[in-house]
Amino acid sequence: MKVPKKYSNLVDWLKSIIPTDKINSYIMIDYEEDDNLRFILFTKENKYSISAKAPSVGEYICQLCDNVIEVSFVDTKILNKVQCDKCGKKEAVLIRTTGGYLGCIATQRKPRAGEDWNRGNDLADGDYCYETWDAIVRDIVKYEIVKITSKIDQWLDKQAKEGDK
Ligand SMILES: [Zn+2]
């Protein structure tokens, strides 16, 4: 399935964490209707369901003449800079968007012994913007990091290093 064009920004962000440029081999689109898109990323033990709603409007301010411009996003990529309709320069920068959402839910792919459900956690969410994406990625890494099983191994390593000195 193809990702709608209004999610181009999200596709760009995704490309930064996908091993090849074939992002369709790594994401499973789960739901797509009206303005909502949901897809799943898998790791060996967990799955991450990412929900997105592209914003409907963006507010830009011209860095040269302080003119405020409202841009309604249709099926377009969200640009960080647009042309100012007062001075004509492409110096209007995005200050905020409305109507957008980005969030992530982590779910373990296997139930734990004695449980017949898969555990899950809400990860970061917020506005549809790079900052939220970045927070989600950091939460995913945090969810994947595992505790070192045995303190004794660390201790033995330390002893071995000290012995080399
Ligand atoms: Zn201007």
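How many bridges pair strand 3 and strand 8, and in which sense? The legends below take up this pairing and its surroundings in a predicted model.

**View 1. Strand 3 against strand 8.** These two strands are joined by eight bridges, and the pairing is antiparallel. Strand 3 covers residues 46-53. Strand 8 covers residues 101-108. One bridge to look for starts at K47, whose partner in strand 8 is T107.

**View 2. The five-stranded sheet.** Strands 1, 2, 3, 8 and 9 make an open sheet, in the order 1-2-3-8-9, with antiparallel pairing. Its edges are strand 1 (27-33) and strand 9 (120-126), and each of them pairs on one side only. On average, neighbouring strands here are turned by 15 degrees against each other, direction ignored. In a regular strand, side chains point to one face of the sheet and then the other, in alternation.

**View 3. Strand 8 against strand 9.** Five bridges link strand 8 to strand 9 in the antiparallel sense. Two residues of strand 9 help to locate the pairing. D122 is the bridge partner of I105. D125 is the bridge partner of G103.

**View 4. Helix 2 on the sheet.** Which strands does helix 2 touch as it packs on the sheet? Helix 2 (residues 130-144) touches strand 3, strand 8 and strand 9. The direction of helix 2 makes about 160 degrees with that of strand 9.

**View 5. The largest nonpolar core.** This core has 16 residues. Those touching the most other members are Y7, Y48, I50, A52, C104, L123 and I136. Strand 2 (36-42), strand 3, strand 8 and helix 2 each supply at least two residues of the core.

**View 6. The surroundings of A52.** A52 is one of the core residues that touch the most other members. Leaving aside residues up to four places away in sequence, A52 touches Y7, L10, L37, Y101, L102 and Y128.

**View 7. The four-stranded sheet.** A further open sheet has four strands in the order 5-4-7-6, again with antiparallel pairing. Strand 5 (68-72) and strand 6 (81-82) are the edge strands. Why does each have one side without a neighbour in the sheet? Each has a single partner strand, so its other side is left unpaired in the sheet.

**View 8. Strand 6 against strand 7.** Strand 6 and strand 7 (residues 92-98) run antiparallel and are joined by two bridges. Here V82 stands opposite A92 of strand 7.

**View 9. Helix 3, buried or exposed?** Helix 3 spans residues 151-164, which makes 14 residues. From its first C-alpha to its last it reaches 20 Å, close to the 20 Å expected at 1.5 Å a residue. The number of its residues that are buried is zero, so helix 3 lies largely in the open.

**View 10. The whole chain, for orientation.** The protein chain holds three helices and nine strands. From the N terminus, the elements follow the order α-β-β-β-β-β-β-β-β-β-α-α. The C-alpha atoms fill a box of roughly 70 × 50 × 25 Å along the principal axes. The radius of gyration is 22 Å, whereas a compact globule of 165 residues would have one near 15 Å. Of the 165 residues, 16% count as buried. Among contacts with a separation of 6 or more, 45% join residues 24 or more positions apart.

Note on methods. Residues are numbered from 1 along each chain as its sequence is written. This is a predicted model: local features need pLDDT of at least 70, side-chain atom pairs count only at pLDDT 80 or more; totals for chains, interfaces and linings use all residues. Two strands pair if DSSP finds at least two bridges between them. Axes are lines fitted to C-alpha atoms, for helices over the stretch in contact, and angles run from 0 to 180 degrees between N-to-C directions. Two residues are in contact if their C-beta atoms, placed from the backbone, lie within 7 Å. The radius of gyration is taken over C-alpha atoms; the globule rule is 2.2 Å times the number of residues to the power 0.38. A residue is buried if 20 or more other C-beta atoms lie within 10 Å of its own, exposed if 12 or fewer, and partly exposed in between; C-beta atoms are placed from the backbone. The expected span of a helix is 1.5 Å times one less than its number of residues. A nonpolar core is a set of buried Ala, Val, Leu, Ile, Met, Phe, Trp, Tyr and Cys residues joined through C-beta atoms within 7 Å.
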